[in-house]
Amino acid sequence: MAENVIAGDLVEIEWSAEDVEDSFAAITGCKTVGIPEENPEYRDRTSLDSPGRAREWGVGMTDTGEVTLSCFYSTALYKQAAAYRASRQPVFFRVTLPAGPGQSTGDTFRFKAFVNPSMPSTDVDGDLMTDLKLRPTGLIDWTEGAAA
């Protein structure tokens with residue numbers, strides 16, 4: 001099964017102020033791949049009429065968890081991230097995986113998120129990084145890659 005593993009360094013991570021195909025640009029120097037996790041809320045629907053005195057649950061809202069993308073610092077990256085934060089608008093993200101077995105194109109994940117850049121602490125020998133802290137809004141869209 002090792003031949004079916006997708007290497008993280010082959011993944012493309014892009015962002016754009018608009019959800020327009022030609023407007024996406026690669027996030028340069030990105031060291032991590034991040035796709036937010038969807039966490040459905042389960043509400044307690046137990047009542048005195050619940051069969052067998054067992055708890056009953058119903059599905060509530062879904063929360064999309066936060067993600068941090070760790071990138072090598074550059075002035076251009078920080079400037080773009082700061083501009084996105086200042087706009088107070090969600091940014092569109094596209095994560096494209098390389099083609100897997102039996103595919104001519106890889107799977108794609110799309111989502112929107114608010115961006116908050118930060119500079120994590122580092123030691124003297126460490127590389128200066130920029131963390132892009134993402135707070136997603138809405139659901140994650142997954143598109144399966146095309147068959148070969």
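The turns below ask how a few labels in this predicted model are earned.

Me: What should I know about this model before we start?
Reply: This is a predicted model, where local features need pLDDT of at least 70 and side-chain atom pairs count only at pLDDT 80 or more, while totals for chains, interfaces and linings use all residues. Residues are numbered from 1 along each chain as its sequence is written, and side-chain values use heavy atoms, with hydrogens and water left out.

Me: Why is Arg 53 called exposed?
Reply: Exposed means over 50% relative accessible area, buried means under 20%, and partly exposed is in between (1.4 Å probe, protein chains only). Arg 53 has a relative accessible area of 82%, so it is exposed. Arg 53 sits in the loop between β3 (38-44) and β4 (57-64). Strands here are DSSP runs of E with at least two residues, helices are runs of H or I with at least four, and both are numbered from the N terminus.

Me: What makes the phi of Arg 53 worth a look?
Reply: Phi of Arg 53 is near 55°, a positive value in a residue other than glycine. Most residues other than glycine have a negative phi. Arg 88 also has a positive phi, near 60°. Arg 88 lies in the loop between α1 (75-87) and β6 (91-96), and its relative accessible area of 70% makes Arg 88 exposed.

Me: How do you know that β6 and β7 pair?
Reply: Two strands pair if DSSP finds at least two bridges between them. β6 and β7 (residues 108-118) have 6 bridges, in the antiparallel sense, so the definition is met. One of the places to look is Val 91, whose bridge partner in β7 is Ala 113. Phe 92 stands opposite Lys 112 in β7. Phe 92 also has Ser 16 opposite it, where β1 and β6 run antiparallel, joined by 5 bridges.

Me: Why do β2 and β5 count as edge strands?
Reply: The open sheet has 6 strands in the order β2-β1-β6-β7-β8-β5, with antiparallel pairing. β2 (25-26) and β5 (67-72) each have a single partner strand, so one side of each is left without a neighbour in the sheet. The partner strand β8 is joined to β5 by 6 bridges, among them the one between Cys 71 and Thr 130. β8 and β7 pair over 10 bridges, again antiparallel.

Me: What makes β6 largely enclosed by the rest of the structure?
Reply: Of the 6 residues of β6, 5 are buried, so the strand is largely enclosed.

Me: Which residues have the most contacts inside the largest nonpolar core?
Reply: A nonpolar core is a set of buried Ala, Val, Leu, Ile, Met, Phe, Trp, Tyr and Cys residues joined through side-chain atoms within 4.5 Å. The largest one has 21 residues, and those with the most contacts inside it are Trp 15, Ile 27, Leu 69, Phe 93, Val 115, Leu 132 and Leu 134. β7 gives the largest share, 4 residues.

Me: How do you know that Cys 30 is in no disulfide?
Reply: A disulfide is a pair of cysteine sulfur atoms within 2.5 Å. The nearest cysteine sulfur to that of Cys 30 belongs to Cys 71 and is 3.5 Å away, so this pair does not meet the definition. The structure holds 0 disulfides. Cys 30 is partly exposed at 25% relative accessibility, whereas Cys 71 is buried at 0%.

Me: Why is the pair of Trp 15 and Tyr 84 called edge-to-face?
Reply: Rings of Phe, Tyr and Trp (its six-membered ring) pair if their centres lie within 6.5 Å; planes under 30 degrees apart count as stacked, over 60 as edge-to-face and the rest as tilted. The centres of Trp 15 and Tyr 84 are 4.9 Å apart with planes at 75°, so the pair is edge-to-face. Trp 15 is in strand β1 and Tyr 84 in helix α1, 69 residues apart. Trp 15 is buried at 5% relative accessible area, and Tyr 84 is buried at 12%.

Me: What makes the pair of Tyr 73 and Tyr 78 tilted?
Reply: Their planes have 40° between them, with 6.3 Å centre to centre, and the pair is tilted. Tyr 73 is partly exposed at 34%, and Tyr 78 is partly exposed at 25%.
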